[in-house]
Amino acid sequence: MINIKFPDGAVRQYEKGTTALDIAKSISEGLARKVLAANVNGQVWDATRPIHSDASLKLLTWNDEEGKSTFWHSSAHLMAEAVESLFPGVKFWVGPPVENGFYYDMDLGDRKMNEEDLEKLEKKMNELAKQKNSYIRKEISKKDAVKYFSDKGDEYKLDLLRGLNDGEITFYSQGNFTDLCRGPHIPDTGFIKAIKLTNIAGAYWKGDERNKMLTRVYGVTFPSQKELDDYLNMLEEAKKRDHRKLGKELGIFTFDDDVGPGLPLWMPNGTVIIEELEKLAKETEQEAGYKRVVTPHIAKESLYLTSGHLPYYQDSMYPPMELEGVKYYLKAMNCPQMNCPHHHKIFAAEQKSYKDLPLRLAEYGTCYRYEQSGELFGLMRVRCLHMNDAHIYCSKEQFYDEFRAVNDMYLKYFKIFGVDKYVMRLSLHSPDKLGKKYVDEPELWIETEQLVRDVLIKTKTPYVEVADEAAFYGPKIDVQIWSTIGREFTLATNQVDFAQGRRFKLEFTNHDNKPETPLIIHRAPLGTHERFIGFLLEHYAGKLPVWLSPLQVKILPISDKFLDYAKTILQKLKKADIRAEIDDRNEKIGKKIRDTELMKVPYMLVIGEREMNEEKASVRRQGKGDLGAKLVEEFIHDLKNEIEERRGE
Ligand SMILES: [Zn+2]
Ligand SMILES: [Zn+2]
């Protein structure tokens, strides 16, 4: 018998050679139908692979990242089987899972694949899926593997084999298809219930343009038809909500070739949004005891040598400029973000004692990142960013409270922006890599990781743990959020830092009158303006809440006769700090309303004879239509409340 330890700590005995699937079956048939793979001692395995010794085990389903990627990777094999039956003699390179599905790179010889072929392939894949063919793992010697692919004349797999040794080579077969693959895979093809091949593209072999161009076929699969339908609907909706399209229509940002790719120009409407977000951040941080600082966009090379950014991150930095024989670099977006060293210098500028801690320094810092032109994408990947950055310098004893306060700040923001789905991805160190991949501080790692975990558990914040993905200098927490249409965004990263304090020789005098190095928390709950506003445009489909709307009220007089009355209302709104305009065009009221709707202005005040005589306005709310006539004073009073409370809809 062997001992199997479950994630909840329970240990049960099973017969030697049992599989994760057997174990799932012993729990319930329903569970067994959902098990895609298993995490065995920290490694993802086939659910059907025998376990021969004591192990920790986590069953992986569609709801686990690794379960999903195993599902998609297995689907790539299924697609390859279908391709091989329709294009005999095809040769395959690699077929990994990606963010939304999978692809496989292949050499079709002199044949070409078109859209119609995709339909045929989908049909074939469905047919093969229904056969419920098992994915069968086989360990094989290098000699036999080389012989297999030499006989096939497959130079691509032979190339992969060159980098592998005996003992680490496995073949996987399902139906009539065999592939060289490390695995793991799902138990059988029957798990794949819905299939969509999405795209055909060209891809150079090994990403090198001197090599042959291969055909890359993308697809996505799901365990049910409903999930595929939901996914396709989401894509359709995402197209309508594309931040690049909305950003143009609503006059939020633009790009100009003379300024440069990836350098957004924020137009007046976008700037209002930026200022409202900064106001929110400043109020929130003020309340939470932060102090604001302002630092230059550039610094001398020596600063980044001390911080360790150079030379490691040089590839993502703008080239230096030389001045008086000294190299200067633009602050870059890196891990840690490059506002940090400037803030560390502010910490170091004055003698510190435990009474000065925690010290929280905040700045909406501007950073630059050299992204490849091909990687640039709207506001999501740019070369200039404004970051809601701050650094908290604290003692070990203060760490828990400080980290908890940061977490609370996130939760507060999620509430304001109606973000219902989010998850904190906590990346941990790996003890055997201390001193190599990770700062050699074994106790600090364990202690801070536990404190972070405690905060997440106590605040009931959804989180997942990822082993061996921490930053060099401490555990990190990536914050993933989902827009209303279910698309995932990485909002920001929080980092705990044991290293920078020491590198910069930051010290405070502790209670025992001894010098001590502070812990540093890097945090940026609102991420960057660029990414966050891109997210908000999709999340709200451009219909921003009133407090964020560039224009909050549009006054629509029915005719010129009421223009003076409209102007008195405008004065009152302005006095109340409400962003308003009059539509004084000589147009029919129906057209004025339609145009204002298109610009997604939250409130419209329609002014005619009756409204003027009664000192009222007919109120229309974007998306809701006519709310009836209201006294102007009353409307302003209610609207001010809505804005001050930063109410959603
Ligand atoms: Zn595989
Ligand atoms: Zn930082």
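Throughout these legends, "buried" means under 20% relative accessible area. Every view comes from a predicted model.

**View 1. The zinc ion (ligand 1) and its four donor atoms.**
Here three histidines and a cysteine hold the metal: His-73, His-77 and His-185 each offer NE2, while Cys-181 brings in its SG, at 1.9 to 2.1 Å. Angles among the donors run from 92 to 126 degrees, and the site is tetrahedral. Read along the chain, the donors are spaced H-x3-H-x103-C-x3-H. That pattern ties distant parts of the chain together: His-73 sits in helix α3 (residues 65-86), and Cys-181, 108 residues apart from it, lies in the loop between β11 (177-180) and β12 (194-204). Because its relative accessible area is just 12%, His-73 counts as buried. Cys-181 is buried too, at 11% relative accessibility.

**View 2. The zinc ion (ligand 2) with its protein donors.**
Now for the other zinc site. Cys-340 (SG), His-391 (NE2) and His-522 (ND1) are the protein donors, lying 2.0 to 2.3 Å from the ion. Their spacing along the chain reads C-x50-H-x130-H. Once again the metal bridges distant stretches, with Cys-340 in helix α11 (residues 339-348) and His-391 in strand β21 (residues 384-394), 51 residues apart. How accessible are these two? Cys-340 has a relative accessible area of 0%, so it is buried, and His-391 is likewise buried at 0%.

**View 3. His-529 and its surroundings.**
This close-up moves to helix α15 (residues 529-539), where His-529 is found. With a relative accessible area of 1%, His-529 is buried. Who are its partners, setting aside neighbours within four places in sequence? The contacts of His-529 are Trp-266, Ile-274, Leu-277, Glu-278, Tyr-364, His-386 and Gly-534.

**View 4. Helix α12 packed against helix α13.**
Two packed helices are described by the angle between their axes and the distance between the axes. For α12 (residues 396-416) and α13 (residues 442-458), those values are about 35 degrees and 10 Å. Their crossing is right-handed. From α12, the residues at the contact are Lys-396, Phe-399, Tyr-400, Phe-403, Arg-404 and Asn-407. Across from them, α13 puts in Leu-444, Glu-447, Thr-448, Leu-451, Val-452, Asp-454, Val-455, Leu-456 and Lys-458. Sorted by type, the contact residues are eight nonpolar, two polar and five charged.

Methods. Residues numbered from 1 in each chain as written. Chains lettered and ligands numbered in written order. Predicted model: local features only at pLDDT ≥ 70, side-chain atom pairs only at ≥ 80, totals over all residues. Heavy atoms only, no water. Donors = N, O, S within 2.8 Å, 3.2 Å for Na, K, Ca; no water. Tetrahedral: all angles 85-135°; square planar, octahedral: opposite > 155°, others 65-115°. Helix = DSSP H or I, 4+ residues; strand = E, 2+ residues; numbered from the N terminus. Buried < 20%, exposed > 50% of the residue type's maximum accessible area, 1.4 Å probe, protein only. Contact = heavy atoms within 4.5 Å. Axes fitted to C-alpha atoms, helices over the stretch in contact; angles between N-to-C directions. Left-handed = near helix turned anticlockwise from the far one by under 90°. Nonpolar A, V, L, I, M, F, W, Y, C, P; charged D, E, K, R; others polar.
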